[in-house]
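Me: I am new to this structure and would like to be walked through it slowly, by way of questions and answers.

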Amino acid sequence: MSSRKSRADRRVDLIEAARRAILRHGTQGVHLNHVAEEAGLTSGAVLYHYPDLSELLVEAHHAGMERFYEVRVKRVARLSDPAEKLVVTIRSGLPVGPDDPGVRLLNELGGAAARNRVYAVLLTTLYDRQVAMYQSILDTGSALGVFSLTGDSVVISRNLVALEDAYGYRITARHPVIGPDEAAENILSYARTVTGNTLEFAAN
């Protein structure tokens, strides 16, 4: 039992090492020895747990993506007000700063998606799940009379995810006047217009 736990822990460590290697060398430039160096292991030890390096890289990308769906869904699950849920969801989808490793990892994945079908599927799946996440909040708010939507909730949700992506990229590209707070306020400005709600939780 303990050996299985030990192996599971080692795989988690390798996923984290792969994430660091991807950020350092890029999705297309990372090699087995890079992951081994980050993990403090031999290449053979890495291959013992992951005989196929591409599988490890996919798991590293998937683990990095969890923050942008699973973690956000859990975070708002305890909230009852759709307006507060919307504000928290918008804010939690942005980088905390230009060096945010999770968003930088997504940027790497996006750059490689055109040449790698698996990466493209990962990104498409994440996008669709994020759209569904926003749509659930918007539809619930509309049904409760909290929101007065100006258009189709799917279209609004797609726009919110697109704004997240665009502002996230600008933040990681170190735009001089667009930081996390400015980006959040700009997205919330759009959200206020399309929901008819003041979203007063924006200042919290």
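**Helix, core and pocket**

Reply: Helix 4, where helices are DSSP runs of H or I with at least four residues, numbered from the N terminus, has 13 residues and reaches 19 Å from its first C-alpha to its last, close to the 18 Å expected at 1.5 Å a residue; the expected span is 1.5 Å times one less than the number of residues. This is a predicted model, in which local features need pLDDT of at least 70 and side-chain atom pairs count only at pLDDT 80 or more, while totals for chains, interfaces and linings use all residues. Residues are numbered from 1 along each chain as its sequence is written, and side-chain values use heavy atoms, with hydrogens and water left out.

Me: Which residues of helix 4 are buried?

Reply: Buried means under 20% relative accessible area, exposed over 50%, and partly exposed in between, with a 1.4 Å probe and protein chains only. By that rule the buried residues of helix 4 are Leu53, Leu56, Leu57, Ala60, His61, Gly64 and Met65.

Me: Which helix gives the most to the largest nonpolar core?

Reply: A nonpolar core is a set of buried Ala, Val, Leu, Ile, Met, Phe, Trp, Tyr and Cys residues joined through side-chain atoms within 4.5 Å. The largest has 51 residues, and among those that touch the most other members are Val35, Leu56 and Leu160. With eight residues, the helix that gives the most to this core is helix 8.

Me: Is glutamate 164 buried or exposed?

Reply: Glutamate 164 is found in helix 9. Leaving aside its neighbours within four places in sequence, glutamate 164 is in contact (heavy atoms within 4.5 Å) with residues including Arg72, Gln130 and Tyr134. Because its relative accessible area is 3%, glutamate 164 counts as buried.

Me: How many residues does helix 9 give to the lining of the second largest pocket?

Reply: On a 1 Å grid over the protein atoms alone, a pocket is an open set of points where a 1.4 Å probe fits, with protein on both sides within 12 Å along at least five of seven lines, and lining residues have an atom within 4 Å of a point. About 270 Å³ of space lies in the second largest pocket, and of its 15 lining residues the closest to its centre are Leu106, Asn107, Leu123, Gln130 and Asp165. Helix 9 gives the most to this lining, and its share is five residues.

Key. Points joined across faces, edges and corners; volume = space filled by probe spheres on them. Helix = DSSP H or I, 4+ residues; strand = E, 2+ residues; numbered from the N terminus.
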